[in-house]
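Biologist: Let us go through this model together. I will ask, and you reason from the atoms.

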Amino acid sequence: MLALLRRAKATLCAKYGVTVPDPVIVEVFPQKREFAVRTFGLPGADGLLGVCFGRVITANSPASQGANPANWEAVLWHEFCHVVTLTKTHNTMPRWLSEGISVSEEERADPAWGSALNPKFRAMILGDELTP
């Protein structure tokens, strides 16, 4: 985990011309309810894998996700990208833009981490199943 975060820091800070001040705190929780309470103050954060608050990242451990865990490397890369973009903009960028950059950087780091456009998503985009 530390090796991945060091690589993310070196790669993303160089790319975006940012020096992220130490420390960056990463908390990984073995149970979803612990993640939810620490992150939101309430239990019940199903579907969320990680969250970034400036230089604090909280994440669910793969062990907390049952039979089909998410890729923890992709989650941490994604969340660390938020650290970089939020540092660069002094926390003033729109969340949708930070999210889009983090998703893009995930796939650039490892194409296997990305989500490909599949027939179901294509039909949703071309049809009327998505909220404009």
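Modeller: First, a term: a salt bridge is a side-chain nitrogen of Lys or Arg within 4 Å of a carboxyl oxygen of Asp or Glu. The model is predicted.

Biologist: How many salt bridges does a search of the whole structure find?

Modeller: The 4 Å cut-off between nitrogen and carboxyl oxygen decides what counts. Lysine 9 with aspartate 22 passes, at 3.0 Å from N to O. For the whole structure, the search gives four.

Biologist: What is the mean pLDDT of the chain?

Modeller: Confidence varies along the chain: helix α1 (residues 2-16) has the highest mean of its elements, 97, and helix α2 (residues 32-40) the lowest, 82. A pLDDT of 70 or more is reached by 99% of the residues. The mean for the chain is 88.

Biologist: How many residues apart in sequence are the parts that lysine 9 and aspartate 22 tie together?

Modeller: Their side chains meet in a salt bridge. Lysine 9 lies in helix α1 and aspartate 22 in the loop between α1 and β1, so the pair ties together parts separated in sequence by 13 residues.

Biologist: Is aspartate 22 buried or exposed?

Modeller: Its partner lysine 9 is partly exposed, at 28% relative accessibility. Exposed means over 50% relative accessible area. Aspartate 22 has 59%, so the aspartate counts as exposed.

Biologist: Which helix holds the glutamate that pairs with lysine 15?

Modeller: Lysine 15 forms a salt bridge with glutamate 105, with the closest N and O atoms 2.7 Å apart. This pair links distant parts of the chain, 90 residues apart. Lysine 15 is in helix α1; glutamate 105 is in helix α4.

Biologist: Is glutamate 105 buried or exposed?

Modeller: Leaving aside neighbours within four places in sequence, glutamate 105 is in contact with Leu12, Lys15, Tyr16, Trp77 and Cys81. Buried means under 20% relative accessible area. Glutamate 105 has 4%, so this residue is buried.

Biologist: Which residues are linked in a network of salt bridges?

Modeller: Glutamate 105 pairs with lysine 15. The side chain of glutamate 105 also meets that of arginine 108, at 3.6 Å from N to O. Arginine 108 and glutamate 105 are three residues apart in helix α4, about one turn of the helix. The network is Lys15, Glu105 and Arg108.

Biologist: What is the relative accessible area of arginine 108?

Modeller: Glutamate 105 is buried at 4%. Lysine 15 is partly exposed at 44%. Arginine 108 is exposed, with a relative accessible area of 57%.

Biologist: Which residue has its backbone nitrogen 2.9 Å from a polar atom of the aspartate 110 side chain?

Modeller: Aspartate 110 sits in the loop between α4 and α5. Its relative accessible area is 27%, which makes aspartate 110 partly exposed. Its C-alpha atom is separated by 9.9 Å from that of tryptophan 77, 33 residues apart along the chain. The backbone nitrogen at 2.9 Å belongs to alanine 112.

Biologist: What is the area of the nonpolar surface patch that includes Phe121?

Modeller: Phenylalanine 121 lies in helix α5 (residues 119-126). Patch members need over 30% relative accessible area. Phenylalanine 121 has 41% and is partly exposed. Together, Leu117, Phe121, Ile125, Leu126 and Leu130 make a patch of about 530 Å².

Definitions and conventions: Residues are numbered from 1 along each chain as its sequence is written. This is a predicted model: local features need pLDDT of at least 70, side-chain atom pairs count only at pLDDT 80 or more; totals for chains, interfaces and linings use all residues. Side-chain values use heavy atoms; hydrogens and water are left out. Patches are made of residues with over 30% relative accessible area and no salt bridge: like charges are joined within 9 Å, nonpolar side chains (Val, Leu, Ile, Met, Phe, Trp, Tyr) within 5 Å. Accessible areas come from the Shrake-Rupley method with a 1.4 Å probe; for residues, only the protein chains shown count as cover. Helices (H or I, at least four residues) and strands (E, at least two) are DSSP runs, numbered from the N terminus. Buried means under 20% relative accessible area, exposed over 50%, partly exposed in between (1.4 Å probe, protein chains only). pLDDT is the predictor's confidence in each residue, from 0 to 100. Contact means heavy atoms within 4.5 Å. A polar contact is a pair of N or O atoms within 3.5 Å; within protein, one must be able to donate a hydrogen and the other to accept it, and residues adjacent in sequence count only if both atoms are side-chain atoms.
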